[in-house]
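Student: I have a structure open and want to learn how to read it. Where do we begin?

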Amino acid sequence: MGQDPVETAAEPGRGSQLRRRLGRADLRAVPEARRAVRELLRGWGKPGRSETAELLTSELVTNALVHTDDDAVLTATVSPSGLRVEVRDGAAGRPRPGAPTPDEGTHGRGLILVESLADTWGVRALGGGKVVWFELAAGAA
C-alpha cells in the first residue's frame with residue numbers, strides 16, 4: 001500500500017500533529033518516520049529530546065512493521081508540554097519488553113529502549129489491534 005504523504009496540522013494553542021500511514025512490511029518507512037518526526041520537532045524541547053523521540057519512534061515503527069501482517073499508522077502530537085507518539089497496528093498481541101538473548105543480535109531491544117528513555121509509555125488494545133505509545137516532556141533533560 002505504501003505511505004501516505006506526511007500530514008501535519010497546527011491546532012491553535014495545542015501544537016502540531018503528524019499522521020502517516022505505513023505500508024505493511026515496508027521498512028523504508030522507518031527512516032522516513034524518523035525524518036518526519038525530526039521535522040515536526042524542529043526547535044522543540046531541551047537538547048537531545050528530539051533525538052530521543054526519533055529513536056523511540058523508529059523502534060515502535062519497526063516493531064509494528066516487522067511483527068504484524070498489516071499496515072500501521074504513526075501519529076505524533078506536539079503540545080507546549082510535550083510529545084506523544086502512537087503507532088497503531090492490527091495485531092492483537094501485546095508486546096512486552098524482554099531481555100534479548102545473545103543469538104538475537106540487535107533484535108529484541110526496542111521496547112527496552114522505550115521503557116528506559118520515555119517518560120511514560122504503554123499499550124492500549126484497540127478493536128482487534130493495538131496502539132503502542134510513548135510520551136516525552138518538553139522540558140525534561
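Student: In what order do the elements of the protein run from the N terminus on?

Tutor: The order is β-β-α-α-β-β-α-β-β. That gives three helices and six strands. Keep in mind that this is a predicted model.

Student: How much of the protein is buried?

Tutor: Of the 141 residues, 39% are buried. Look at contact range as well. Among contacts with a separation of 6 or more, 57% join residues 24 or more positions apart.

Student: Let us turn to the helices. How is a pair of packed helices described?

Tutor: Two values do the job: the angle between the axes and the distance between them. Here, take helix α2 (residues 49-66) and helix α3 (residues 110-117). They pack at about 145 degrees, and their axes are 9 Å apart. The crossing of α2 past α3 is left-handed.

Student: Which residues make the contact between α2 and α3?

Tutor: From α2 come T52, L55, L56, E59, L60 and N63. From α3 come G110, L111, L113, V114 and L117. By class, the contact of α2 with α3 has seven nonpolar residues, three polar and one charged.

Student: What span does α2 reach, and what is expected?

Tutor: α2 has 18 residues and reaches 26 Å from first C-alpha to last. That is close to the 26 Å expected at 1.5 Å a residue.

Student: Is α2 mostly covered or mostly open?

Tutor: α2 is mostly covered, with 13 of its 18 residues buried. Check it residue by residue. E54 lies in α2. Is E54 buried or exposed?

Student: Its relative accessible area is 6%, so E54 is buried.

Tutor: Right. The cut-off for buried is under 20%. Now look around E54. Beyond its neighbours within four places in sequence, E54 contacts R34, V37 and R38.

Student: And S50, where is it found?

Tutor: S50 is in helix α2 too. Its relative accessible area is 12%, so S50 counts as buried. Leaving aside neighbours within four places in sequence, S50 contacts R38, L41 and W44. R38 is thus listed for both E54 and S50.

Student: What about P31, buried or partly exposed?

Tutor: P31 sits in helix α1 (residues 29-40). P31 has a relative accessible area of 40%, so it is partly exposed. Compare sequence with space here. P31 and S58 are 27 residues apart along the chain, and their C-alpha atoms are separated by 7.2 Å.

Student: Now the strands. What is the general idea for side chains in a regular strand?

Tutor: They alternate between the two faces of the sheet. Then ask which strands pair. Strand β4 (residues 82-89) pairs with β6 in the antiparallel sense, over eight bridges. Strand β5 (residues 120-126) also runs antiparallel to β6, joined by seven bridges.

Student: Which residues stand opposite each other?

Tutor: G122 stands opposite W133 in β6. R124 stands opposite V131 in β6. For β4, take L83, whose bridge partner in β6 is L136.

Student: How many residues lie between β5 and β6 in their hairpin?

Tutor: Two residues. One to inspect in the turn is G127, with a positive phi of about 35 degrees.

Student: How many residues of β6 are buried?

Tutor: Strand β6 (residues 129-137) has seven of its nine residues buried, so "mostly covered" is the reading under the 20% cut-off. Try F134, which is found in β6.

Student: F134 has a relative accessible area of 0%, so it is buried. What does F134 touch?

Tutor: Not counting residues up to four places away in sequence, F134 touches several parts of the chain. Among them are A53, L56, T57 and L60. Others include L83, R84, V85 and V114, and also A118, T120 and W121. L56, L60 and V114 also belong to the contact between α2 and α3.

Student: Which distance should I note for F134 and E86?

Tutor: They are 6.7 Å apart, C-alpha to C-alpha, and 48 residues apart in sequence.

How values were computed:
Residues are numbered from 1 along each chain as its sequence is written. This is a predicted model: local features need pLDDT of at least 70, side-chain atom pairs count only at pLDDT 80 or more; totals for chains, interfaces and linings use all residues. Side-chain values use heavy atoms; hydrogens and water are left out. Axes are lines fitted to C-alpha atoms, for helices over the stretch in contact, and angles run from 0 to 180 degrees between N-to-C directions. Helices (H or I, at least four residues) and strands (E, at least two) are DSSP runs, numbered from the N terminus. A crossing is left-handed if the near helix is turned anticlockwise from the far one by less than a right angle, and right-handed if clockwise. Contact means heavy atoms within 4.5 Å. Ala, Val, Leu, Ile, Met, Phe, Trp, Tyr, Cys and Pro count as nonpolar, Asp, Glu, Lys and Arg as charged, and the others, Gly among them, as polar. Buried means under 20% relative accessible area, exposed over 50%, partly exposed in between (1.4 Å probe, protein chains only). Two strands pair if DSSP finds at least two bridges between them. The expected span of a helix is 1.5 Å times one less than its number of residues.
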